[in-house]
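Biologist: I should like a close look at a single part of this chain, with its surroundings described in one connected account. Please begin with how far the model can be trusted, and then turn to the part itself.

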Amino acid sequence: MEKLKTLLEIKGLDEKKQDGYIGYASVAVLDRDGEIIDPKGWKLDNYRKNPVILTSHDYSKLPVGRALWVQPDENGLKVKFVLANTETG
């Protein structure tokens with residue numbers, strides 16, 4: 001069996017616009033560790049100061065994009081983002 005490795009897993013992408021993508025960075029469902037993140041629990045003040053999008057939360061690599069806005073709602077953490085004009089973006 002051949003396996004495909006992806007750098008970006010898109011969960012719940014709502015729409016693609018000319019000026020970015022809108023989707024969910026996190027959704028309020030049971031994850032593989034048996035946890036659910038309550039969308040009301042996000043503290044985003046520090047993230048909003050430098051809203052970078054990383055590959056697999058890897059701070060040792062350059063960001064692949066940035067968030068234009070991020071907002072929790074009843075389904076999860078909704079974000080509008082743009083990808084960098086690079087090979088990894």
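Modeller: Confidence in this predicted model is lowest in strand 1, where the mean pLDDT is 53, and highest in helix 1 (residues 45–49), where the mean is 96. Over the chain the mean pLDDT is 82, and 80% of the residues reach 70 or more. Residues 1–8 stay under 50, and the model has 1 contact beyond four places in sequence for that stretch.

The part chosen for the close look is strand 5, together with its partner. Strand 5 (76–83) and strand 4 (65–72) run antiparallel and are joined by 7 bridges. The two strands form a hairpin, with 3 residues between them. One of the facing positions is G65, which stands opposite L83 in strand 5. On its other pairing, strand 4 runs antiparallel to strand 3 (residues 52–53), and 2 bridges join them. In that pairing V52 stands opposite R66 of strand 4.

Within strand 5, K80 deserves particular attention. K80 has a relative accessible area of 10%, so it counts as buried, the limit being under 20%. Leaving aside neighbours within four places in sequence, K80 is in contact with R66, A67, L68 and W69, and also with D19, Y21 and I22. With D19 the contact includes a salt bridge between the two side chains, at 3.0 Å from N to O. This pair links distant parts of the chain: K80 belongs to strand 5, whereas D19 lies in the loop between strand 1 (11–17) and strand 2, 61 residues apart. The two partners differ in burial, because K80 has a relative accessible area of 10% and is buried, whereas D19, at 44%, is partly exposed. In general, side chains of opposite charge can pair when their charged atoms come close.

The count of salt bridges comes to 2. Besides the K80 and D19 pair, K61 forms a salt bridge with D58, the closest N and O atoms being 3.4 Å apart. Here K61 is exposed because its relative accessibility is 52%, while D58, at 23%, counts as partly exposed.

The hairpin also contributes to the largest nonpolar core, which has 8 residues: L44, I53, V64, A67, V70, L77, V79 and F81. Strand 4 and strand 5 are the elements that give two or more residues to this core. The largest share, 3 residues, comes from strand 5. In general, the side chains of a regular strand alternate between the two faces of the sheet. Another member of the core, V64, is in contact with I53, L54, T55, L83, A84, T88 and G89, neighbours within four places in sequence being left aside.

A further residue that reaches the start of this region is S26, placed in strand 2 (residues 20–27). Not counting residues up to four places away in sequence, S26 touches N75, G76 and L77, as well as I37 and W42. Its relative accessibility is 16%, and therefore S26 counts as buried. L77, one of the residues touched by S26, is also a member of the nonpolar core.

Taken together, strand 5 pairs with strand 4 through 7 bridges, gives 3 residues to the core, and holds the buried K80, whose side chain meets that of D19 in a salt bridge.

Definitions and conventions: Residues numbered from 1 in each chain as written. Heavy atoms only, no water. Core = buried A, V, L, I, M, F, W, Y, C linked by side-chain atoms within 4.5 Å. Buried < 20%, exposed > 50% of the residue type's maximum accessible area, 1.4 Å probe, protein only. Helix = DSSP H or I, 4+ residues; strand = E, 2+ residues; numbered from the N terminus. Contact = heavy atoms within 4.5 Å. Salt bridge = Lys/Arg side-chain N within 4 Å of Asp/Glu carboxyl O. Pairing = 2+ DSSP bridges. pLDDT = per-residue confidence, 0-100.
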